[in-house]
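Subject: Handover of a structure, with findings

Dear colleague,

Please find below the structure that I am handing over to you. My findings follow it, arranged by topic, and I would ask you to read them with the structure open.

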Amino acid sequence: MRDLVNDDDYSATELGSHWFEGPVPGPEPDRREGEVLRFGPGVTAAAVHRAGNTPTAVQIWHGTLPGTPPPRPARPRRLRRYAPAALVLAAVLLLLAWRAYGPRAAVRDVAVTVPGRPLGCDGTADVVGVVRTDGRPGTLTYHWERSDGTRSAPLRETLAPGQEEARLHLLWTFHGPGTHRAAARLVITSPAARTAEGTLTYRCG
């Protein structure tokens with residue numbers, strides 16, 4: 001056998017761990033990285049089952065179990081602060097909707113006004129029918145009747161929300177000499193039957 005110590009061609013080498021016949025003595029490690037299982041969101045039930053069958057596994061769960069609803073977020077407190085204002089706004093909108101789409105207008109009073117002095121030759125009288133309502137929206141249907149036997153076609157007047165008065169005009173022109181006393185009648189047919197009449201004087205010559 002060659003003298004390993006005195007041989008100039010010999011150099012020491014580090015033997016691999018598989019050359020040792022027994023374990024290297026030392027303290028037992030606190031954990032083994034190969035046995036640590038970390039689970040995050042989206043882990044399947046099979047992976048959870050496998051992790052549960054490993055006695056030394058450490059399970060770190062960051063999601064929710066299948067079938068468990070997520071917790072509801074707390075309602076912000078500032079929503080409660082605006083609740084009274086929202087109720088007031090809703091009440092105003094309901095009132096406006098009721099005025100716009102609720103019961104139709106009701107006629108309270110009808111009157112006819114005529115010129116305060118007699119008309120001159122070939123004069124035109126502006127006869128005005130004044131209809132007072134309760135302010136609700138709707139449509140007036142009416143016509144004029146004159147004392148000379150003529151009658152207008154059916155007419156319509158639209159009432160806007162909040163409008164409490166409608167003024168309906170009739171222009172009546174007179175010709176020729178003489179004196180004539182005339183009458184104009186306003187007939188409301190809807191939403192309720194009402195009439196009013198005014199008289200005027202025509203004088204020429």
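From the N terminus on, the elements of the protein chain follow the order β-α-β-α-α-β-β-β-β-β-β-β. That gives three helices and nine strands. Please note that this is a predicted model. Of the chain's 205 residues, 23% count as buried. If one takes the contacts between residues at least 6 apart in sequence, 58% of them join residues at least 24 apart.

The sheet

Strands 3, 4 and 7 form an open sheet with the order 3-4-7 and antiparallel pairing. Strand 3 and strand 7 are at the edges and have a single partner strand each, so one side of each is left without a neighbour in the sheet. From one strand to the next, the twist averages 15 degrees. As general background, strands of a sheet pair through backbone hydrogen bonds, either parallel or antiparallel.

Six bridges pair strand 3 with strand 4 in the antiparallel sense, and here V110 stands opposite V131 of strand 4. Strand 4 is joined to strand 7 by nine bridges, and these two strands also run antiparallel. On that side, D126 stands opposite L171 in strand 7.

Strand 7, which covers residues 165-173, shows an alternation of side chains. A166, L168, L170 and W172 point to one face and are buried, whereas E165, R167, H169, L171 and T173 point to the other face and are not buried. This agrees with a general rule: in a regular strand the side chains alternate between the two faces of the sheet.

The nonpolar core

Which residues touch the most other members of the largest nonpolar core? They are V127, V131, W144 and L186, in a core of 25 residues. At least two residues of this core come from each of strand 3 (107-113), strand 4, strand 5 (138-146), strand 7, strand 8 (178-190) and strand 9 (194-204). In general terms, nonpolar side chains tend to be buried together in soluble globular proteins.

V131 merits a closer look. Leaving aside residues up to four places away in sequence, V131 touches V107, D109, V110, L140, E164, E165, A166, L168, L186 and I188.

The residue T133

T133 lies in strand 4, which spans residues 124-133. Is T133 buried or exposed? Its relative accessible area is 3%, and because the limit for a buried residue is under 20%, T133 is buried. The side chain of T133 reaches the backbone nitrogen of G135 at 3.3 Å. Not counting residues up to four places away in sequence, T133 touches A106, V107, R108, L159, Q163 and E164.

The disulfide

The structure holds one disulfide. It is formed by C121 and C204, whose sulfur atoms are 1.8 Å apart. The link of C121 and C204 is right-handed, with 100 degrees about the S-S bond. C121 lies in the loop between strand 3 and strand 4, while C204 lies in strand 9, so the pair ties together parts that are 83 residues apart in sequence. The two cysteines can also be described by their accessibility. C121 has a relative accessible area of 45% and is partly exposed, whereas C204, at 13% relative accessibility, counts as buried.

Yours sincerely

Notes. Residues numbered from 1 in each chain as written. Predicted model: local features only at pLDDT ≥ 70, side-chain atom pairs only at ≥ 80, totals over all residues. Heavy atoms only, no water. Helix = DSSP H or I, 4+ residues; strand = E, 2+ residues; numbered from the N terminus. Buried < 20%, exposed > 50% of the residue type's maximum accessible area, 1.4 Å probe, protein only. Polar contact = N/O pair within 3.5 Å; in protein donor to acceptor, adjacent residues only side chain to side chain. Contact = heavy atoms within 4.5 Å. Pairing = 2+ DSSP bridges. Core = buried A, V, L, I, M, F, W, Y, C linked by side-chain atoms within 4.5 Å. Disulfide = S-S within 2.5 Å. Axes fitted to C-alpha atoms, helices over the stretch in contact; angles between N-to-C directions.
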